[in-house]
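Q: Can you walk me through how this one is put together? Keep it short.

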Amino acid sequence: MVKVSNIFNPEMETMSRKDMEALQLERLKETIRRSYENVPFHKENFDKAGVRPEDIQSLEDLQKVPFMKKTDLRENYPFKLFAVPPNKCARIHGSSGTKGKPTIVGYTHKDIENWAEIVARAIVAAGGRPGDIFHNAYGYGLFTGGLGLHYGIERLGATAVPVSGGNTPRQITLIQDFQPRGLSATPSYTLNIIEGMKKMGLNPRDTSIEYGIFGAEPWTEEMREQLEEELGIKAIDIYGLSEVMGPGVSIECHEAQDGLHIAEDHFLAEIINPETGEVLPYGEEGELVFTSLTKEAFPVIRYRTGDIASLNPEKCKCGRTTIRMSRIKGRIDDMLIIRGVNVFPTEIEAVLLGFSELAPHYQVVLKREGVLDTCEVQCEITPEYQQNASADDKERLIREISANMKDALGVTVVPCINEPNTLPRSEGKAIRIVDKRNQY
Ligand code: DLL
């Protein structure tokens with residue numbers, strides 16, 4: 001039944017911590033029992049660590065269980081981590097597999113139902129309601145973004161426009177003609193849509209869109225400000241990963257926009273020190289680890305996401321009691337080590353977006369000079385600045401960017417400014433890092 005309220009599932013989203021932890025424990029025990037019985041990988045993992053399913057009698061006991069990693073999915077490709085036969089699944093999804101075989105995940109009908117409800121909750125948290133027209137520009141296909149959002153939109157009682165990514169002029173026409181209230185896309189593709197509107201002589205603030213659900217790639221508060229300003233909307237951060245479910249694992253609420261509420265009745269979160277594996281207390285930054293609590297086809301136990309965040313258990317002003325995770329700082333894999341200093345691309349983005357002379361498109365290019373690695377930041381000036389700036393102005397701009405980078409990051413990066421419309425535009429997840437170190 002469709003509920004009209006600012007919280008889609010008040011029972012689950014406003015449960016007391018004590019009741020939530022009791023529910024999590026009950027579901028955790030069941031997940032572990034089923035995984036141990038049905039997935040040889042999990043049985044071996046438990047057996048090797050000398051842990052038996054019945055040893056898990058509290059949420060803390062989970063710490064006795066070894067972690068799962070992305071390589072475990074690759075090594076068990078395609079179906080060896082499924083807890084049901086693949087032909088008993090309703091659907092299969094996966095990651096794009098830019099580095100070798102894709103990582104494949106499965107969903108039973110019940111999993112799809114749960115996922116749809118989780119996403120419906122997320123859309124309501126973002127400010128959506130039944131009756132909304134919702135323009136869904138996440139890619140449809142093996143990627144979980146398109147179909148993940150789609151089922152949630154329908155479950156909410158809103159109207160899905162399954163436009164998928166790409167063909168920006170058509171996206172803009174459909175936005176004008178269908179008058180959606182909600183939009184979902186990656187933040188980088190949304191910039192592309194905004195740029196397309198301007199090229200067509202349209203004011204992006206004049207659309208019917210009131211809220212955007214943006215995620216699938218790291219983005220910053222500075223990028224949020226820009227998207228909100230350009231489109232005149234609320235920009236809401238949604239997080240998820242195919243291994244754990246897809247979009248909806250967590251979402252910001254439009255009331256606070258202060259951390260992403262985790263769907264804790266389905267996913268148990270931990271933060272660990274990525275080097276030692278030690279579990280860190282609330283508030284400390286580390287690697288996010290998830291255990292699924294209801295998934296039938298593809299249970300994950302202590303899955304290391306590779307994403308850096310922290311957890312906040314304080315009650316939110318929106319009324320939800322679920323734990324919130326911080327915005328993702330970046331993926332451990334994407335952390336740059338420049339002259340011994342750790343830098344995430346999001347930290348570079350935060351500096352660049354402080355310059356009104358620059359368009360919000362950038363790429364970080366790593367090169368090798370002799371034995372030293374260098375880091376170039378390719379950015380792009382806006383068409384307005386291009387028209388008005390002299391060569392001296394541009395020199396000054398480069399010096400300022402460089403100085404602000406040094407202040408913010410503590411390390412030298414080399415900014416390079418390019419003409420308008422020269423850097424690649426994203427239609428899905430933006431490629432932020434180009435590693436040319438092996439070409440030298
Ligand atoms: O990107 C699922 C998704 C679709 C999330 C649509 C949100 C919206 P994967 O392709 O498996 O799944 O990629 C998951 O993307 O581990 C993070 O590194 C990154 N990521 C996802 N959401 C965010 C976000 C989808 N809001 C990987 N902020 C994750 C930062 C994000 N990074």
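Q: What's the strand order in the four-strand open sheet?
A: In this predicted model, the order is β10-β11-β12-β15. The pairing is antiparallel.

Q: Which strands stand at the edges there?
A: β10 (267-272) and β15 (330-331). Each has a single partner strand, so one side of each is left without a neighbour in the sheet.

Q: How many bridges link β10 and β11?
A: Six, in the antiparallel sense. Strand β11 covers residues 286-292.

Q: And what does L268 face in β11?
A: L268 stands opposite T291.

Q: Switching sheets. How are the strands ordered in the nine-strand one?
A: The order is β4-β3-β5-β6-β7-β8-β9-β14-β13. This sheet is open too, with mixed pairing.

Q: Which are its edge strands?
A: β4 (159-161) and β13 (311-312). Each of them pairs on one side only.

Q: How do β7 and β8 pair?
A: Antiparallel, over four bridges. β7 is residues 234-241 and β8 is residues 246-252. Within that pair, I238 has I251 in β8 as its bridge partner.

Q: Which strands does α5 touch when it packs on this sheet?
A: α5 touches β3 (133-136), β6 (211-215), β7 and β8. Its direction makes about 30 degrees with that of β8.

Q: Now the helix pairs. What's the geometry of α5 against α6?
A: They pack at an angle of about 75 degrees, with their axes 7 Å apart. That makes α5 roughly perpendicular to α6. α5 runs over residues 109-125, and α6 over residues 144-156.

Q: Which residues meet there?
A: From α5: I112, W115, A116, E117, V119, A120, I123 and V124. From α6: T144, G148, L149, Y151, G152, I153, R155 and L156. By class, this contact has 11 nonpolar, three polar and two charged residues.

Q: What about α8 and α9, what angle do they make?
A: About 30 degrees, with the axes 11 Å apart. The two helices are therefore roughly parallel to each other. α8 is residues 187-199, α9 residues 221-231.

Q: Is that crossing left-handed or right-handed?
A: α8 passes α9 in a left-handed crossing.

Q: Which side chains should I look up?
A: On the α8 side, the contact residues are P187, T190, L191, I194 and K198. They meet M223, L227, E230 and L231 in α9. The residues of this contact divide into six nonpolar, one polar and two charged.

Q: Last helix pair. How do α10 and α12 pack?
A: At an angle of about 135 degrees, axes 10 Å apart. That makes α10 oblique to α12. α10 spans residues 345-352 and α12 spans residues 391-409.

Q: What's the handedness, and which residues make the contact?
A: The crossing of α10 and α12 is right-handed. E347, I348, V351 and L352 of α10 contact I401, N404, M405, A408 and L409 of α12. The class split for this contact is seven nonpolar, one polar and one charged.

Q: Zooming out, where are the domain bounds?
A: The domain assignment gives domain 1 as 1-332 and domain 2 as 335-439.

Q: How far apart are the domain centres, and how many residues are in contact?
A: The C-alpha centres of domain 1 and domain 2 lie 30 Å apart. 24 residues of domain 1 are in contact with 17 residues of domain 2.

How values were computed. Residues numbered from 1 in each chain as written. Predicted model: local features only at pLDDT ≥ 70, side-chain atom pairs only at ≥ 80, totals over all residues. Heavy atoms only, no water. Pairing = 2+ DSSP bridges. Axes fitted to C-alpha atoms, helices over the stretch in contact; angles between N-to-C directions. Parallel < 35°, antiparallel > 145°, perpendicular 65-115°, else oblique. Contact = heavy atoms within 4.5 Å. Nonpolar A, V, L, I, M, F, W, Y, C, P; charged D, E, K, R; others polar. Left-handed = near helix turned anticlockwise from the far one by under 90°. Domains from an automatic or database assignment.
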